[in-house]
Amino acid sequence: IIKIPNLNFLEVVRLFPEFSVSDSIKVYGVLGGVPGYLKHWDAKKSFKQNICDLILSENGRLFDVAERLVASELRELSVYNTILMAIAKGENKLNDLFLYTDYSRPKISVYMKNLSHFDIVEKVVSFETGGWENAKKGVYRIKDTYVNFYYRFVYPHLSDLYIMSPEEFYDTYIEAELDEYLSRYFINVCMEYLTLLNQIRRLPISISKMGTWVGKTGDIDIIAQSSNRENIIGLCNWDKPRLTMDMCRELFASMKKARISSNHIYLFSAKAFDADVIEMAKKDRRFELIDMNEL
């Protein structure tokens with residue numbers, strides 16, 4: 001078996017030169033960087049129409065790809081379907097999965113190990129800081145982008161998919177929650193942006209590792225650290241109309257819980273920044289504002 005590596009976001013952008021950055025992120029958040037999926041995306045059609053034609057239509061190229069992928073590697077498909085649907089909904093700790101599925105904890109542990117082995121699920125451990133008592137000890141999430149999309153939006157409502165038109169299904173079950181779902185992939189894009197800047201030495205420090213901090217209350221989207229433990233902190237806003245001072249205050253509170261500080265804070269916003277955030281960045285050199293056009 002030869003495993004073809006997924007494309008990164010920059011390569012996805014190059015596949016669709018006529019797309020805006022926002023449109024590229026939406027495609028990337030549904031299909032990931034899988035060339036075999038991306039080749040079916042029709043750049044002349046709208047995002048919604050592509051989803052309807054490729055995923056929500058019975059004769060669509062990607063209609064049952066996610067379930068076939070899981071079934072090709074693992075037995076007991078119904079059990080794995082239940083677990084993946086639970087993780088996609090946000091039940092991302094072993095105890096959460098135990099309560100949601102009613103499967104035994106040892107059984108869930110075996111299934112999670114199998115899903116991780118085939119790169120379908122991954123365990124996310126918080127970036128190592130001093131605030132371990134305030135961090136979650138490890139949460140699971142679906143690693144495969146398309147599998148995540150499918151089990152978040154399609155699988156839980158399969159019975160309705162067979163009686164509704166693809167367009168009606170999209171409007172009912174996907175439209176309202178799409179931006180919240182895409183926030184995770186916007187963070188990935190911002191991380192890739194920092195990695196590229198690091199490669200061409202355009203960052204204030206040379207970073208050697210990068211990750212996220214998952215708190216019991218509050219998260220830090222990006223922590224990038226140098227070999228001598230200097231930090232760049234990133235806050236990423238995809239789904240809100242503006243990045244606000246309240247979001248910044250929440251970030252500061254999470255940094256305090258994580259016991260981490262930084263002289264370099266990058267604020268990424270897909271849409272806009274509040275005037276007081278812009279004013280703060282003018283006065284405080286720690287802050288760098290990055291909008292969608294720069295990405």
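The exercises below work through two helix packings, a run of paired strands and two loop residues in a predicted model.

**Exercise 1. Determine how α6 and α8 are oriented relative to one another, and which residues bring them into contact.**

Begin with the geometry: helix α6, residues 77–89, packs on helix α8, residues 105–117, at an angle of about 80°, and the axes of the two helices lie 11 Å apart. Angles of 65 to 115 degrees count as roughly perpendicular, and therefore α6 is described as roughly perpendicular to α8. Next, list the contact: α6 contributes Val79, Tyr80, Ile83, Leu84 and Ile87, which meet Tyr111, Met112, Asn114 and Leu115 of α8. Finally, sort these residues by class, which gives eight nonpolar residues, one polar residue and no charged residues for the contact of α6 with α8.

**Exercise 2. Carry out the analysis for α2 and α12, giving their angle, the distance between their axes and the make-up of their contact.**

Helix α2 (residues 21–31) and helix α12 (residues 178–199) pack with their axes 9 Å apart and at an angle of about 95°, so that α2 is roughly perpendicular to α12. On the α2 side the contact is made by Ile25, Lys26, Tyr28, Gly29 and Val30, while α12 supplies Leu178, Tyr181, Leu182, Tyr185, Phe186, Asn188 and Val189. Classified, this contact of α2 with α12 holds nine nonpolar, two polar and one charged residues.

**Exercise 3. Describe the surroundings of strand β6, covering its burial, the two directions of its side chains and its pairing with β5 and β7.**

Start with burial: strand β6, residues 265–269, is mostly covered, five of its five residues being buried. In a regular strand the side chains alternate between the two faces of the sheet. In β6, Ile265, Leu267 and Ser269 point one way, whereas Tyr266 and Phe268 point the other way, and all of them are buried.

Turn now to the first neighbour: strand β5, residues 231–237, pairs with β6 in the parallel sense over five bridges, and among the partners are asparagine 237 and, in β6, serine 269. Between these strands the chain passes from β5 through helix α13, residues 245–258, to β6, in a β-α-β crossover that is right-handed.

The other neighbour to consider is strand β7, residues 287–291, which runs parallel to β6 and is joined to β6 by five bridges. Here isoleucine 265 has phenylalanine 287 of β7 as its bridge partner, and the chain connects β6 to β7 through helix α14, residues 275–283, in a β-α-β crossover that is right-handed. Phenylalanine 268, for its part, is partnered in β7 by isoleucine 290.

**Exercise 4. Locate aspartate 119 and arginine 259 in their loops, and decide whether each is buried, partly exposed or exposed.**

Aspartate 119 is not a glycine, yet has a positive phi of about 60°, and its place is in the loop between α8 and β1 (121–124). Its relative accessibility is 32%, so aspartate 119 counts as partly exposed.

Arginine 259, likewise not a glycine, has a positive phi of about 55° and sits in the loop between α13 and β6. Since exposed means over 50% relative accessible area, arginine 259, with a value of 57%, is exposed.

Definitions and conventions:
Residues numbered from 1 in each chain as written. Predicted model: local features only at pLDDT ≥ 70, side-chain atom pairs only at ≥ 80, totals over all residues. Heavy atoms only, no water. Axes fitted to C-alpha atoms, helices over the stretch in contact; angles between N-to-C directions. Helix = DSSP H or I, 4+ residues; strand = E, 2+ residues; numbered from the N terminus. Parallel < 35°, antiparallel > 145°, perpendicular 65-115°, else oblique. Contact = heavy atoms within 4.5 Å. Nonpolar A, V, L, I, M, F, W, Y, C, P; charged D, E, K, R; others polar. Buried < 20%, exposed > 50% of the residue type's maximum accessible area, 1.4 Å probe, protein only. Pairing = 2+ DSSP bridges. Right-handed = clockwise from strand over helix to strand, strands pointing away.
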